[in-house]
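Thanks, everyone. I will keep this short: some cysteines, then a sheet. Please have the model up on your screens.

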Amino acid sequence: MLAIGNKLELHTDNRSIYIRHVFRQPEQVMDQSIDFEIEIMRKINDMKLQFAYYGMARNGTVQNVIVKRQVDLCFYLRHPKSDRVVNVVYHYVATHGHTPSRCPMAKGSYYMRNLKPADIPIPPFLPESEFMLELIYRSEVRSVPLVEFRFYGKLTRFISNLLPIASKVNLKYDRRTFNVSYAFNEPKTLYNQSLGFEIDILRTLKDAKFLLLLNAVTKSGTMQTVLLKRQIDLCFFLRNPKSDRLMKTVYDYVRERSHIPARCPFTPGSYYMRNMRLVDAPIPAFLPETEFILDIIYYSEVRAEKQVEFRIYGRLLSMVYYAVALNGSIQSALVRRTVDLCFFLRRPTSDRLLKSFYDYIKERSKLPAKCPVPADDYNMRDLRLGDIPIPAFLPEAEGMVETIYLTGLRQELVPVANKIELKVLTRSVNVTYKFHQRKSMVNQSLEFDVDITRQLKDLKLLLVYYVIALNGTVHNALIKRPIDVCFFFRNPRSDRLVKSIYDYIKERSNFTTRCPIERGRYYVRNVRPADVPVPSFLPEAEFIFELIYHSEVRSEKMIEFRFHGKLLIPVLSKVVVKYNPKFINVSSSLNNIDSITNQTVTFEMEMYRELKDMKATFSYYVVGLDGSSLNHMISRTVDVCSFIKRPSMDRFVKNVYEHMKRNNRIPTVCPIPATNYYIRNVRPAAVRLPGFFPESSFVFDNNYYSGIRSEPMVECRFHGKLVRVTDDMLQ
């Protein structure tokens with residue numbers, strides 16, 4: 001964060017000290033500077049400093065003191081490390097002036113020049129808000145203020161980056177080995193310049209060397225010094241990407257946007273690099289702000305001949321911008337409150353933040369003052385945004401305030417099971433289970449029969465709840481409870497979460513409720529996942545619920561039970577398909593569109609000619625609240641033939657592909673033969689979703705292109721929304 005000033009106040013006791021100052025405020029706020037010329041009229045034997053930092057309200061009134069220090073300057077000059085906060089400012093000032101360095105302070109002329117507020121280090125705990133910095137110097141003997149200094153401003157979060165701006169691109173290559181074409185998109189813009197390459201390797205390359213040269217250029221166009229030079233054996237680098245950290249950052253950026261060889265030798269084939277935006281490229285911080293020429297040369301070590309020469313002319317600019325989403329997309333929530341309005345109306349002081357808004361609105365409106373809320377006309381009038389109290393901790397940025405009112409109807413999350421695992425690891429217990437109506441999202445149920453063959457004097461339970469990533473790997477446990485079952489039987493209220501599940505199970509079983517657990521046959525009947533209470537803090541994602549029972553005496557696992565499920569499903573509203581009749585004919589249907597849990601999608605395809613290669617793109621967009629703006633979340637471009645051979649090359653696409661492949665006929669080899677294909681009765685509700693997808697409307701694009709020219713073949717767009725599986729859907 002940087003301090004940006006807007007006003008400076010200075011008062012001095014001219015009998016002891018006289019100070020002149022100049023506060024320069026140019027248009028570029030980061031270049032603000034202050035000069036002080038100081039005349040001490042008489043020797044000062046002692047001096048105290050009162051240092052205070054205040055947060056300010058938007059109307060200019062001073063709020064609470066954030067930092068306050070009382071400092072004996074003579075003691076401090078002997079022990080600068082005695083106060084770390086003051087020392088940060090003192091060290092900066094001492095390097096920009098000539099000031100007394102010990103007591104007593106002698107008569108004379110002193111100065112502080114070119115003090116830039118933007119250069120002063122800011123402690124990270126200070127909020128991003130308006131402030132007042134107050135410094136009062138006084139003589140302890142007379143307790144008379146000698147200097148009163150107040151600096152008004154605001155702390156603003158800035159990010160400074162080097163931005164490469166290209167002006168010209170040159171490309172040469174050996175036509176016996178390569179065929180390369182490139183596109184330099186939007187060359188006249190600053191932020192939207194991008195490069196794309198289509199690469200055909202015509203023969204096998206057993207080795208390749210890479211030379212990167214970055215040269216600074218004078219204004220006359222002659223080369224100056226070499227700023228950066230890297231010579232790399234590409235085959236070795238591909239085996240050991242961590243061998244060069246700088247090149248790895250560039251390689252990782254390029255690899256995300258391309259299909260290029262991943263190992264040696266490089267086989268003949270078609271490759272590409274697309275949508276490489278220069279502003280997104282990682283730039284080393286040590287490079288100067290200058291014009292440059294970047295040379296990238298590929299050559300063969302065996303023949304010592306250049307294969308590809310690529311040159312970019314441009315300049316590095318230091319760009320300063322606010323750390324906000326400039327595209328208008330919503331970032332993470334800064335403040336989030338869920339409030340029971342009836343409770344709040346009875347006790348407004350239960351939430352101070354909401355009370356500040358409520359008090360302002362209440363004065364200018366007719367609103368319900370109690371529950372139940374009677375049927376009537378209500379209003380809010382003359383609400384001036386400039387008068388609404390804003391918390392000081394909010395950053396100076398674009399924002400969106402979202403207020404959602406829900407009725408008292410139950411909207412609890414409902415788990416939907418897709419797999420059950422059960423292992424019995426002891427001869428003392430035998431457990432069997434039945435999973436009824438597993439394909440239904442509404443009527444799933446479980447039954448258990450338990451045969452205990454010997455008395456159990458003690459029993460431990462480990463309850464764990466995991467959220468699953470898109471690739472099926474398990475994230476950190478959100479809930480983990482080790483429980484002594486015998487103690488819990490005696491004190492069910494010792495764990496509220498476990499008690500909520502225990503109470504539900506107890507009503508549907510004949511299990512004992514005390515220890516020791518006697519031999520016998522027990523059962524649990526008609527456990528419906530849709531009826532089990534789910535804590536409201538759980539994220540709407542796929543999960544694993546794990547129960548492990550073990551004996552403490554023998555330290556052996558007895559039962560392992562895992563419940564795989566999810567809490568969020570997609571619901572489609574429309575499917576739009578366009579196709580190129582030269583290649584293919586496609587018909588589609590969206591069935592049971594009014595259903596939430598039983599929608600199905602069907603595609604019938606007739607391929608007219610064999611395809612030797614095909615590209616596919618997958619893009620997921622979150623739809624804005626206006627219903628038209630699309631915020632991009634995920635994008636993948638895949639060579640279909642390479643993917644069919646190695647589905648693990650892209651986990652997101654693999655998840656979609658494997659779901660479509662079940663009981664359907666889709667291409668599984670290349671070249672793709674000309675024949676009929678189909679995808680039938682695919683249930684969107686059964687598709688695995690990444691845990692980070694928000695509960696919102698979405699657009700999912702799945703497009704296919706044929707040949708080296710990437711001619712559009714099929715464009716498919718799914719419109720829908722992600723919704724929670726709630727109990728009102730099951731009514």
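Let me start with Cys74, which is buried, at a relative accessible area of 8%. Keep in mind that this is a predicted model. The partner of Cys74 is Cys103, and the disulfide between them has an S to S distance of 2.0 Å. About that S-S bond the torsion is about -85°, so the disulfide is left-handed. Where do the two cysteines of this pair sit in the chain? Cys74 belongs to helix 1, residues 73-78, while Cys103 is in the loop between strand 6 (97-98) and strand 7 (108-115). They are 29 residues apart, and the pair links distant parts of the chain. Cys103 has 26% relative accessibility, so it counts as partly exposed, the cut-off for buried being under 20%.

How many disulfides does the structure hold? There are five. Counting bonded cysteines along the chain, the pattern is 1-2, 3-4, 5-6, 7-8, 9-10.

Next, another of these pairs. Cys342 and Cys371 are joined with their sulfur atoms 2.0 Å apart. This link is left-handed, with -80° about the S-S bond. Cys342 is in helix 5 (residues 341-346) and Cys371 is in the loop between strand 19 (365-366) and strand 20 (379-380), so the disulfide ties together parts 29 residues apart in sequence. Cys342 is partly exposed at 29% relative accessibility, and Cys371 is partly exposed at 30%.

Then Cys486 and Cys515, again a disulfide, S to S 2.0 Å. The link is left-handed, with -85° about the S-S bond. Cys486 lies in helix 7 (residues 485-490), and Cys515 in the loop between helix 8 (496-506) and strand 26 (520-527), so parts 29 residues apart in sequence are tied together. Buried or partly exposed? Cys486 is buried, at 8% relative accessible area, whereas Cys515 is partly exposed, at 26%. Further along, Cys716 is buried, with a relative accessible area of 8%.

Now the sheet. Four strands form an open sheet in the order 11-12-16-15, with antiparallel pairing. Which strands are at the edges? Strand 11 (178-185) and strand 15 (258-259), each of which pairs on one side only. Strand 12 (residues 194-201) and strand 16 (residues 269-277) pair in the antiparallel sense over seven bridges. To find the register, look at Ser194, which stands opposite Arg277 in strand 16. Helix 4, residues 245-255, packs on this sheet and touches strand 15 and strand 16. The direction of helix 4 makes about 105° with that of strand 16.

That is all from me.

Technical notes
Residues are numbered from 1 along each chain as its sequence is written. This is a predicted model: local features need pLDDT of at least 70, side-chain atom pairs count only at pLDDT 80 or more; totals for chains, interfaces and linings use all residues. Side-chain values use heavy atoms; hydrogens and water are left out. Two strands pair if DSSP finds at least two bridges between them. Contact means heavy atoms within 4.5 Å. Axes are lines fitted to C-alpha atoms, for helices over the stretch in contact, and angles run from 0 to 180 degrees between N-to-C directions. A disulfide is a pair of cysteine sulfur atoms within 2.5 Å. Buried means under 20% relative accessible area, exposed over 50%, partly exposed in between (1.4 Å probe, protein chains only).
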